[in-house]
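Colleague: I would like to go through some of the labels put on this model and ask what stands behind each one.

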Amino acid sequence: MTTRKIQWDDFMTGPVTALLTVGENTVLAGIGSYLQYFDVCNQKSIGCVSVLPCHCIHGIRRALTSQRGSEILAVFGEKCLTVLDARWEDKHKTEINERIPAISITTEVEMTELEDWIWDAVFLNPRETNTLALALGHNSVIVWDWKLRRVLEKVSCVETCILYCAKFINSHLDNLILATGTVFNEILLWSPKGQRSDSGHVKVLKSLKGHKGVIFSVDYNHQRRMMCSASDDRSIRLWQLTFEDQLYPSHDELEMSVESWENCSCVCVQVLYGHSARVWDVRLLSATLVSIGEDSTCCVWNYEGSVLQKFKGHRGKSIWSLSVDEKERYVVTGGGDASVRLWNLSSRSERSNYVTLSLQLPEMPSEKGDYPRSVSLLNYNQIIIITNEGFLYLYEMEDKRWLTVMDDPEFRSYTVMAVSPAEPRCIVLGNIQGKLRIFVADDGPPSAWQTQDWEIYAGKIMNIHWLANTQLLTTGPEGEIKLWNLDVESLSLECCGQLTLPECKQRWVSAAAIGQGSLICGDRGGTVHVYPLNGGSRNPLQSFPKIHGKTGVTNIIFHGDTIYTTGRDGCYRVFSHDSGHMTLLNTYRVYKGFEWIDRLDIAEEGADYHVFGFQSSDFVLWSVNRNQKLLQIPCGGGHRSWDCKTKGDKFRFVYQKTREVVVCDTMLEQNQIKLKDALHGREITCAKFLDASSSKCIIVTGSEDTRMQISEIRYNEFGVKEMTCLENLNGHISSVRTLSLSPSSKNSTDENSSLMFSAGGRAQLLVWRLTAGSHASLVTENLCSYMIGQSQKKGRTRMWKLQQIKLNPETRFMDLSSVQVSSVWSDFPNHVHLLASACSDAFVRFYVFDEDKKDLNFLMESDSHDRCVLKVCCLTKHTEVDPEIYVLSAATDGCIAFWKVNRDNINSTLQRSSEHCSHVDTKIHETSTKYRTSSSSNSNSTAKEFVIMTSNDVQGHVNDISSSDSSDIICDKKDHKSGISADAFKTLSVDEVCCSKAEPLFILKHHQSGINGLDWCHCQGDDFLIASGGDDNALVVSLIKVSRDGLSVAAKGSCLSAHATEITGVKFVSPNRLLTVSIDQRLVIWDVAITDNYIQLKQLFCKFVCVADISNMDCRKIDNDRYMVVICGEGLATFEVQGILQSEDS
């Protein structure tokens, strides 16, 4: 057999553990063992190189005397160190004068491993000595000749405790001071050239005490002669050092000698509290100091102890690294979410970044005095105000003058007002008698504006909405909707349609949009309605009852073929629109506590989403893509009239407050640049390939942060692999533990569609459809949501009313596996899928999902394992005569159970579902539960609990429930997915579905304890290979014969010490090749050889993976002998492997 070496092409992203800004526009980042460099102007990665193989970069230091365009860098991590020469230049495309950054990094010194952990490094002056001082983990310093790779000197302090941080002060060896943070909450100052004890160790110069936790960071500012420290106690302390006159010679005027340090005084002058968790790092600048912490916040302080800015953009629980450019223009942060963000230090806080002006109405003769009722911006410089006494005022900001447009008692006490969104500007008023008045606001004075009145209702005009510049919608008594076409030139109004709004408590349209032959309306009851414009019916064709809760729909917009709606439930929802029919695709919650969303603006090509709303008493402008607040203005809350407009970078917010109008002016500053996209803020628990090729791959990941993310990895214009976030999926109320993919019935030549099942904590399971179009667009649709252990309130419930759900928070889905039933039994439709699940309550549960009906039906279950079930996978046996589906489940006892799925059971389940679906919108089945909540009053084994299948909108109400002691959760109905007809907008009944019990066909003992990796491969005929990896570090492979007579073990083999720690992923790539990954951060390729009744496992290749705490693995074949592998944990890595099938030990 021809042998050749395995070829690897890898990519890695994860927590950013080191940062350094060099030159004018270059940022270096340490991610795992890789040094990645970014160009600030292009906001792109321009290079990536592995510099510390098998180790994680923790620090990057530069030589202080480097030449322009060249840097000597020391890169260290753990016990290892390397020295690099970095050179860069800017090239230009002369035809378009475009800047093209180019950087080359060469290794001056190969990676060297030292005796102890490295905390800090400094290049010693003069540079010609080629020496580095290194601070080690047990409070010692070594002087290292990096050219010769030789230790010249080692000095230890008398205090040899374990350090948590270290910082060198000065760069000449004679003046070198080391400030160290100890495990005993002290800061020790000592020098390698200090006085020695009898034992030869150096004495401590100063010991600074005051912190009540370990010290994580120390920094020193030479100009201010000030030191700072960050601690586990969430505080930052500023220490002022006072030196006596420089009596001792020094090589640098800023560097104080060792004798001066010994005789100086040090006083704590400030104790700063501003972080809500531990503080990891701090930097002292000329006018400010910058800190980062476990709360994912970067704080900018002044030296008086006040927080000037808080930069919040990173997801998750930590910002790990920090760097500031030499000119102190910006700060760069690297987070545990794998993103690199640049923040402008000159920008102001979102809270202080505005100027207010209060406008008092002109004095009018009135007993009680007049006050504003509604306010709007006619344009950026003109404000329109309608008052309680029926006055319409125009206030001009530039001239600071009031102009009276109208004084009419008919519009006293009650008036609704709407201003057209674009030129020509029109103002529409409606009063309590049903009169509509329109003003055409041209460039002349208000006295010359054209105006016209129409009597359009016999009663009060409830609301007015502009659908377009010349289209109006009005709501009158009894929910009567009228559509109007306005001819501005002749000032004529024509009614072009009359519709009826279904009954609700506050019966008027609160938001509306028109497009593609449909009118979309939202009412004050939180329902969205769809009206056909070319139909003869006055009633809606489709409704989504209470989809935004009970407080109303606030905004509806069309964006291409997509519709976005917002409401006061803290969510914005995305719908598809096709032939007058809307389908709910996804629901997004902005952030916890932001419940009142009033408006959504989408930038061109979806570059960013701006959300306008109210949090408590503040107006908030939120950027979705930047994940940060752009503005936060105290205004008293959302129960008031308001408007806002932009003019370039200027932003004006106007609102009504008591008896005055308040104008807030501010600048929308670009204070954040995202150099690298975020991944997840916490550990990644699962990853699956949606698509994989040589040029790109699309991966979906699930995480402990309750989100799923769809990302694309491809080469950018600089030839560097980059990960770009395509979509974030929300809906889980707890961690996402497992994903499973199945081909969708909607697959076509133009669109690649897949079903994705996601599950995890709080016994929640979601079903999604992911569709990639021919133009690289991605459409995600949430089809179904399901929970185990729910109980419904007894009695009849209207379908739009919310359900009370009682959860058992201890039950979790541990694993999922799915198969498209038609791929095995061709007589089944393509939209039927079998889903097997492993659950923590010792149950293996089976479901049938109908993609067309978006319906998840219970098939059968069993608790035969009697232990937590960890893994499950579907095995398909394809034969011409009698194809079969088996399910393998593995538990914490090391046993693998085999289950056979009966096609007749699937048929009967589908038939039973069809019989009930015409009248049932929520299905309930009874299931025996192994473990119950403590609040349950019945303890007998025959007790039953109901299971309710809910919709995606469960996340809109339960997303904020994170603690296990929450017993009641609110869920919406699943018919919100596609809406319901107007006729069905009434009470629906609820039926019960009986479940089937199941027993395994065969049990195979593989491990001493839990099984974390499980896979199968078909050999030939009835022979199947079953491989598993467990907590006992063992890899076991069995050859199973699957025949009509039953299952039997034909051969078995194992490697008891396949990895140093538990195996977390097992994948077959062929019958004789197997991949495994483990917590020990190794990816191993195994040769599987079957001889007689024994299977021999031989390790062919082992590769280190820079992902800590590896949790899962997936593999996808690209072509004949090329595979793509993805590994996830504390980060994510992909490998394109070539030659795996033909290689031997390489």
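The questions and answers below take up burial, cysteines, strands and backbone angles in turn.

Colleague: Before we start, what kind of model is this?

Modeller: This is a predicted model.

Colleague: Why is Asp281 called buried?

Modeller: Buried means under 20% relative accessible area. Asp281 has a relative accessible area of 13%, so Asp281 counts as buried. The residue is found in strand E22, residues 279-284.

Colleague: What makes the pair Asp281 and Ser217 a polar contact?

Modeller: The cut-off for a pair of N or O atoms is 3.5 Å. The side chains of Asp281 and Ser217 are joined by a polar contact of 2.6 Å, which is within that cut-off. In sequence Asp281 and Ser217 are 64 residues apart, while their C-alpha atoms are 5.1 Å apart in space. Leaving aside neighbours within four places in sequence, the residues in contact with Asp281 include Val290, Ile292 and Leu322.

Colleague: How do you know that Cys268 is in no disulfide?

Modeller: A disulfide needs two cysteine sulfur atoms within 2.5 Å. The nearest cysteine sulfur to that of Cys268 belongs to Cys266 and is 8.3 Å away, so the pair does not meet the cut-off. A search of the whole structure finds zero disulfides.

Colleague: Is Cys268 buried or exposed, or does it fall in between?

Modeller: Partly exposed covers the range between under 20% and over 50%. Cys268 has 28% relative accessibility, so Cys268 counts as partly exposed. Cys521 is at 0%, and therefore counts as buried.

Colleague: Why are E14 and E17 said to stand at the edges of their sheet?

Modeller: That open sheet has four strands in the order E14-E15-E16-E17, with antiparallel pairing. Strand E14 (163-169) and strand E17 (206-208) each have a single partner strand, so one side of each is left without a neighbour in the sheet. The twist averages 20° from one strand to the next.

Colleague: What makes E16 and E17 a pair?

Modeller: Pairing takes at least two bridges. Strand E16 (residues 187-190) and E17 have three, in the antiparallel sense, so the requirement is met. The bridge partner of Leu188 in E17 is Ser207.

Colleague: What makes strand E84 mostly covered?

Modeller: Eight of the eight residues in E84 (residues 1063-1070) are buried. E84 pairs with strand E85 (residues 1073-1078) in the antiparallel sense over six bridges, and a hairpin of two residues joins E84 to E85. Ile1063 stands opposite Ser1078 in E85.

Colleague: How do you know that the peptide bond between Asn125 and Pro126 is cis?

Modeller: Its omega is about -5°. Pro126 has its place in the loop between strand E10 (118-123) and strand E11 (131-136). The bond from Glu423 to Pro424 is also cis, with omega near -5°.

Colleague: Why is a positive phi worth pointing out?

Modeller: Most residues other than glycine have a negative phi. Gln43 is not a glycine, and has a positive phi of about 55°. Glu478, also not a glycine, has a positive phi of about 60°.

Colleague: Why is Glu478 called exposed, and Gln43 partly exposed?

Modeller: Exposed means over 50%. Glu478 is at 65% relative accessibility, so Glu478 counts as exposed. Gln43 is at 36%, so Gln43 counts as partly exposed. Glu478 lies in the loop between strand E39 (471-475) and strand E40 (480-487), and Gln43 in the loop between strand E4 (34-39) and strand E5 (44-50).

How values were computed:
Residues are numbered from 1 along each chain as its sequence is written. This is a predicted model: local features need pLDDT of at least 70, side-chain atom pairs count only at pLDDT 80 or more; totals for chains, interfaces and linings use all residues. Side-chain values use heavy atoms; hydrogens and water are left out. Axes are lines fitted to C-alpha atoms, for helices over the stretch in contact, and angles run from 0 to 180 degrees between N-to-C directions. Buried means under 20% relative accessible area, exposed over 50%, partly exposed in between (1.4 Å probe, protein chains only). Contact means heavy atoms within 4.5 Å. A polar contact is a pair of N or O atoms within 3.5 Å; within protein, one must be able to donate a hydrogen and the other to accept it, and residues adjacent in sequence count only if both atoms are side-chain atoms.
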